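Please work through the following exercises with the sequence and the model side by side. Each task is followed by a solution that goes step by step.

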Amino acid sequence: MTKCILATGGAGYIGSHVVTELLDAGYRVVILDNFENSDPDVVRRIKRITGRNVSLVTGDVRDRGTVERVLRMYNVDAVIHLAGKKAVGESVADPMLYFGDNLNGAISLLTAMKGAGVSRLVFSSSATVYGIPKTLPVTESARVSVTNPYGRTKLIIEEMIDDLIASDPTFAAISLRYFNPVGAHETALIGENPRGIPNNLFPFVAQTAAGERDRVQVFGGDYDTPDGTGMRDYIHVVDLAKGHVAAIRRMMSENETGQHRRINLGTGTGYTVLQVIEAFSKACGFPIPYAIVPRRAGDAAASVADPSYAKQCLGWRATFGLDRMCQDQWAFNSRVQAAEKMPPSRTRPNGKMAEYSPLPQPPLVAPDRLHH
Ligand code: NAD
Ligand code: UFG
């Protein structure tokens with residue numbers, strides 16, 4: 001019988017790519033999402049990309065009754081828990097919002113899983129649990145130290161899972177500690193389009209390239225990195241999604257019972273902010289304006305994963321490089337911009353035409369990946 005996976009938050013940026021990869025790998029999938037940070041249209045797009053059906057339940061993971069009913073009704077074998085809030089700055093401004101949403105979501109889900117006898121979990125954790133890393137690359141045994149309430153929720157949930165497994169060794173879980181997920185699906189049908197001003201570098205660079213922002217503000221030029229700007233381990237969201245399929249496969253094996261593994265998902269290569277801007281300029285075909293401004297509070301100089309445990313344990317490694325991440329992000333933003341009928345990208349906010357070569361028109365879809 002085909003295994004069924006529940007993806008909480010499956011309509012979100014990472015979730016939509018995870019669901020796509022699960023369907024491509026032959027799993028049945030149910031999405032539970034309240035659409036507080038996504039659009040139901042994403043589900044139609046996933047069907048279009050994969051040619052497969054996906055079940056959708058519109059609901060809140062904090063509603064234990066709903067979660068338990070979904071687990072039973074769809075005969076769910078394993079859960080990938082992505083639902084939650086993720087903005088670091090917002091969590092500092094309103095910690096109780098983050099504790100209320102993220103912690104209650106996890107409590108509700110784990111209680112429902114116990115009630116329904118579902119004992120396999122993949123949890124979306126984050127490299128934020130390493131705080132400011134002391135040594136690079138960061139291995140899973142590095143000291144954890146959170147610097148904001150969002151990160152604290154990730155750490156507390158990991159620890160909640162430890163305690164649950166200690167009390168019930170029939171459970172098994174993998175917490176995937178994502179480094180910096182970026183890019184979009186090759187069809188440009190799903191990707192990240194944050195509402196308002198983006199907090200993260202990639203969407204900000206993409207919106208600047210699209211003429212929606214004047215210039216990229218580079219937070220700090222005096223870090224101890226090759227060019228003085230912050231360094232991160234960017235990972236293509238499709239690589240990241242494939243890591244979840246590998247984690248599900250691993251967890252389904254009997255001898256995982258009683259284990260809670262923490263696994264880094266990163267590439268092992270770091271790029272600076274200026275290297276990202278340069279690669280993105282290459283992808284879109286014109287220079288992206290930027291200015292170096294003071295450091296952003298709380299930022300690490302550098303964060304790069306040691307991905308060897310993921311290779312050893314899941315047989316997984318990232319395959320896409322920075323150029324591909326930029327190309328796919330740009331194709332996605334261009335499609336969204338065209339769909340929203342924004343002013344042409346070559347017109348700068350000051351009304352002047354930039355001295356750029358004509359915008360390459362990315363294909364709206366890759367026809368060989370589409371199903372009608
Ligand atoms: P996202 O906001 O795009 O996706 C989250 C999804 O969960 C959205 O569709 C949202 O509507 C849904 N959701 C939120 N609260 C819910 C609730 N109470 N009940 C049901 N659905 C709910 O975020 P993302 O970037 O796809 O992140 C997914 C997960 O990965 C999050 O847990 C996030 O903390 C974690 N993560 C993300 C990053 C990153 O850089 N994007 C890095 C590390 C970890
Ligand atoms: N940066 C800029 N300008 C911007 C935005 C970012 O220079 O407008 C810089 C940052 O200073 C940093 C790098 O670009 O050096 C990456 O910043 P992001 O905000 O894109 O990513 P972070 O590494 O700060 O944080 C992200 C997520 C966190 C998550 C962490 C680890 O936002 O939730 O990765 O996974 F915890």
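A salt bridge is taken here as a side-chain nitrogen of Lys or Arg within 4 Å of a carboxyl oxygen of Asp or Glu. The model is predicted, so that local features need pLDDT of at least 70 and side-chain atom pairs count only at pLDDT 80 or more, while totals for chains, interfaces and linings use all residues. Side-chain values use heavy atoms, with hydrogens and water left out, residues are numbered from 1 along each chain as its sequence is written, and chains are lettered from A and ligands numbered from 1 in the order in which they are written.

**Exercise 1. Salt bridges**

Task: Find which side chain meets K85 in a salt bridge, and establish which parts of the chain the pair links.

Solution. Step one is the pair itself: the side chains of E36 and K85 meet with an N to O distance of 2.8 Å. Step two places the partners, for which helices (H or I, at least four residues) and strands (E, at least two) are DSSP runs numbered from the N terminus. E36 lies in the loop between β2 (28–33) and α2 (41–50), whereas K85 lies in the loop between β4 (78–81) and α4 (88–93), so that the pair links distant parts of the chain, 49 residues apart. Step three asks about accessibility, where buried means under 20% relative accessible area, exposed over 50%, and partly exposed in between (1.4 Å probe, protein chains only). E36 is partly exposed at 36%, and K85 is buried at 16%. Step four widens the view: E36 and K85 belong to a network of salt bridges that also links D60, R62 and D101. By the stated rule, the count comes to 20 salt bridges.

Task: Repeat the analysis for K114 and D168, and then for D299 and R296.

Solution. In the K114 and D168 salt bridge, the closest N and O atoms are 3.0 Å apart. K114 sits in helix α5 (residues 95–116) and D168 in the loop between α6 (149–167) and β6 (172–178), and this pair, too, links distant parts of the chain, with the two positions 54 residues apart. K114 is partly exposed, with a relative accessible area of 45%, while D168 is buried at 13%. The side chains of D299 and R296 meet at 3.1 Å, N to O; D299 is partly exposed at 21%, and R296 is partly exposed at 34%.

**Exercise 2. A small sheet**

Task: State in which order the strands β12, β9 and β14 are arranged, and explain why one side of each edge strand is left without a neighbour.

Solution. Begin with the rule that two strands pair if DSSP finds at least two bridges between them. Three strands form an open sheet in the order β12-β9-β14, and the pairing is mixed. Because β12 (271–272) and β14 (302–303) stand at the edges, each with a single partner strand, one side of each has no neighbour in the sheet. Strand β9 (residues 231–232) and β14 run parallel and are joined by two bridges, and A302 in β14 is the bridge partner of M231.

**Exercise 3. Two ligand shells**

Task: Describe what surrounds ligand 1.

Solution. A residue counts as near a molecule if one of its heavy atoms lies within 4 Å of it. Ligand 1 is surrounded by 26 residues, of which D33, N37, S38, K86 and Y150 are the closest. The shell divides into ten nonpolar, ten polar and six charged residues, where Ala, Val, Leu, Ile, Met, Phe, Trp, Tyr, Cys and Pro count as nonpolar, Asp, Glu, Lys and Arg as charged, and the others, Gly among them, as polar. Strand β5 gives the most to this shell, with three residues. A polar side-chain atom of D33 lies 2.6 Å from an oxygen atom of ligand 1, and a backbone N or O atom of V61 lies 3.0 Å from a nitrogen atom of ligand 1. Taken alone, ligand 1 exposes 810 Å², and the protein buries 94% of that (accessible areas come from the Shrake-Rupley method with a 1.4 Å probe; for residues, only the protein chains shown count as cover).

Task: Do likewise for ligand 2.

Solution. Of the 21 residues around ligand 2, F179, N200, Q217, R232 and D299 come nearest. By class, ten are nonpolar, seven polar and four charged, and strand β8 (residues 216–219) supplies the largest share, three residues. A backbone N or O atom of L201 lies 2.8 Å from an oxygen atom of ligand 2. Taken alone, ligand 2 exposes 690 Å², of which the protein buries 89%.

Notes
A polar contact is a pair of N or O atoms within 3.5 Å; within protein, one must be able to donate a hydrogen and the other to accept it, and residues adjacent in sequence count only if both atoms are side-chain atoms.
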